[in-house]
Amino acid sequence: MSEPVLEVRNLVKYYPLAGGPFGTGTGIVHAVDGVSFRLDHGTTMAVVGESGSGKTTMAKVILLLERPTSGSIRFQGEEITDAHGALLREYKRSVQAVFQDPYSSLSPRMRVRDIVGEPLQVHERLGRAALRTRVGELLEQVGLNPAAASAYPHQFSGGQRQRIAIARALSLNPKLIVLDEPVSALDVSIRAQILNLLVDLQRDRALSYLLISHDLAIVEHMSHSVGVMYAGQLVELAPAERLYAEPQHPYTEALLAAVPSIDPDLPLGQIVGGDVANPADPPSGCRFHPRCPLRAELGNPEICSEEDPAAQVDAASHNVACHFRGAAAKSRAQAASPPA
């Protein structure tokens with residue numbers, strides 16, 4: 001098996017929590033808690049989950065915008081968790097990001113040529129003519145007229161602004177781009193154009209994407225593998241086709257059931273009831289157990305509330321963290337099933 005572009009092992013990010021009227025209480029927010037995965041060259045891995053599941057925090061840690069509490073991040077085989085100096089600069093050059101809101105991620109005081117060209121000035125110190133040529137090429141690659149380089153962001157539509165953000169991310173020829181909800185702030189009519197642009201750029205440049213999203217339709221269109229995140233943990237990870245065809249975790253099943261269908265005869269499922277787990281006070285055992293319909297069907301076995309389920313991986317690289325799902329859990333499920 002070839003070396004992945006990105007490998008994350010047991011990634012943890014905790015935040016101290018001050019409480020009480022004078023900030024005298026203490027606690028810990030378990031934002032990301034033991035996440036592991038690998039992303040292969042030229043592929044897209046999507047991470048999905050409800051708001052507050054830890055997706056964006058994980059992305060910030062991988063970008064080293066925040067340092068992890070513990071765990072390992074390896075980029076092209078090299079440990080970069082505690083990178084600094086030249087290694088950190090090279091990592092920042094090779095890993096770029098496109099954020100959710102093109103209205104706030106671009107400086108309103110800078111012209112497009114300065115927004116797209118700034119990374120080149122910092123890292124490559126190009127002359128004025130070479131910089132102008134390079135910015136024009138980048139704008140053309142994302143479907144914009146090079147003449148737009150003299151304009152300001154407010155003179156563009158939302159979709160055009162996101163194209164500018166993509167051009168900026170491409171400027172240093174990165175190997176990996178983190179896409180944090182890249183089309184959620186755009187009109188529905190524009191989303192497909194941006195997604196298709198990203199797919200074309202990946203094919204032409206052999207890019208790898210880490211896609212953060214809550215939209216399962218977008219994820220199905222874009223991704224090669226999908227990780228489902230709940231309360232700071234990856235509860236399921238599988239090749240995209242396998243996950244959509246045969247979801248294993250009850251939370252994944254609930255997410256997919258809630259996606260509207262174009263078939264009017266199919267009923268619309270709903271996200272399971274109950275509150276999302278509090279990251280400052282997560283449930284014991286499986287973090288999904290207070291909301292889990294499968295646990296209720298099996299008579300609320302104690303193991304769900306007492307033991308954190310270890311991830312199980314089958315021959316198809318389908319990883320699921322559930323006591324009663326996966327090949328190793330069949331006998332346990334039969335034993336726990338209440339009598340008819």
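1. A word on classes before the cavities. Ala, Val, Leu, Ile, Met, Phe, Trp, Tyr, Cys and Pro count as nonpolar, Asp, Glu, Lys and Arg as charged, and the others, Gly among them, as polar. On that scheme, the lining of the largest cavity holds 10 nonpolar, two polar and one charged residues. Note that the model is predicted.

2. The largest cavity itself. Its volume is about 90 Å³. The lining counts 13 residues. Nearest the centre of this cavity lie Cys286, Cys292, Cys304, Cys322 and His323.

3. The second largest cavity. How many cavities of 30 Å³ or more are there? The count is two. The second largest holds about 30 Å³ of space. Its lining is made up of His30, Gly52, Ala231, Ala277, Asn278, Pro279, Pro282 and Arg287. By class, that lining has four nonpolar, three polar and one charged residues.

4. The largest pocket. About 470 Å³ of space lies here. The lining has 18 residues, and Phe37, Arg38, Asp40, Leu237 and Ser317 are the closest to the centre of the pocket. Strand E1 (6-19), strand E2 (25-39) and E10 each give two or more residues to this lining. E2 gives the most, with four residues. The classes split into eight nonpolar, six polar and four charged.

5. The second largest pocket. This one holds about 360 Å³. It is lined by 16 residues, and those nearest its centre are Lys92, Val95, Gln96, Ala97 and Phe99. Which elements supply at least two residues each? They are strand E6 (95-98), helix H3 (112-123) and helix H5 (158-170). H3 provides the largest share, four residues. The lining has 10 nonpolar, three polar and three charged residues.

6. Helix H9. Why is H9 (residues 250-257) described as largely enclosed by the rest of the structure? Because six of its eight residues are buried; the cut-off for buried is under 20% relative accessible area. The six are Pro250, Tyr251, Thr252, Ala254, Leu255 and Leu256.

7. What H9 packs against. The buried residues of H9 pack against three helices and two strands in the following list. The helices are H7 (216-222), H8 (240-245) and H10 (293-297). The strands are E9 (225-230) and E10 (233-239). E10 also appears in point 4, among the elements giving two or more residues to the lining of the largest pocket.

8. Strand E3. Five of the five residues of E3 (residues 44-48) are buried, and the strand is mostly covered. In a regular strand, side chains alternate between the two faces of the sheet. For E3, both faces are covered. Thr44, Ala46 and Val48 are buried on one side. Met45 and Val47 are buried on the other.

9. Partners of E3. In which sense does E3 pair with strand E8 (residues 208-212), parallel or antiparallel? The pairing is parallel, over four bridges. Thr44 has Tyr209 as its bridge partner in E8. E3 also pairs with E9 in the parallel sense, over four bridges. There, the bridge partner of Val48 is Val228.

10. Linking the two elements. E9 turns up twice in this note. It pairs with E3, and the buried residues of H9 pack against it.

Terms used:
Residues are numbered from 1 along each chain as its sequence is written. This is a predicted model: local features need pLDDT of at least 70, side-chain atom pairs count only at pLDDT 80 or more; totals for chains, interfaces and linings use all residues. Side-chain values use heavy atoms; hydrogens and water are left out. On a 1 Å grid over the protein atoms alone, a cavity is a set of points where a 1.4 Å probe fits but cannot get out, and a pocket is an open set with protein on both sides within 12 Å along at least five of seven lines; lining residues have an atom within 4 Å of a point. Grid points are joined across faces, edges and corners, and a volume is the space filled by probe spheres set on the points. Buried means under 20% relative accessible area, exposed over 50%, partly exposed in between (1.4 Å probe, protein chains only). Contact means heavy atoms within 4.5 Å. Two strands pair if DSSP finds at least two bridges between them.
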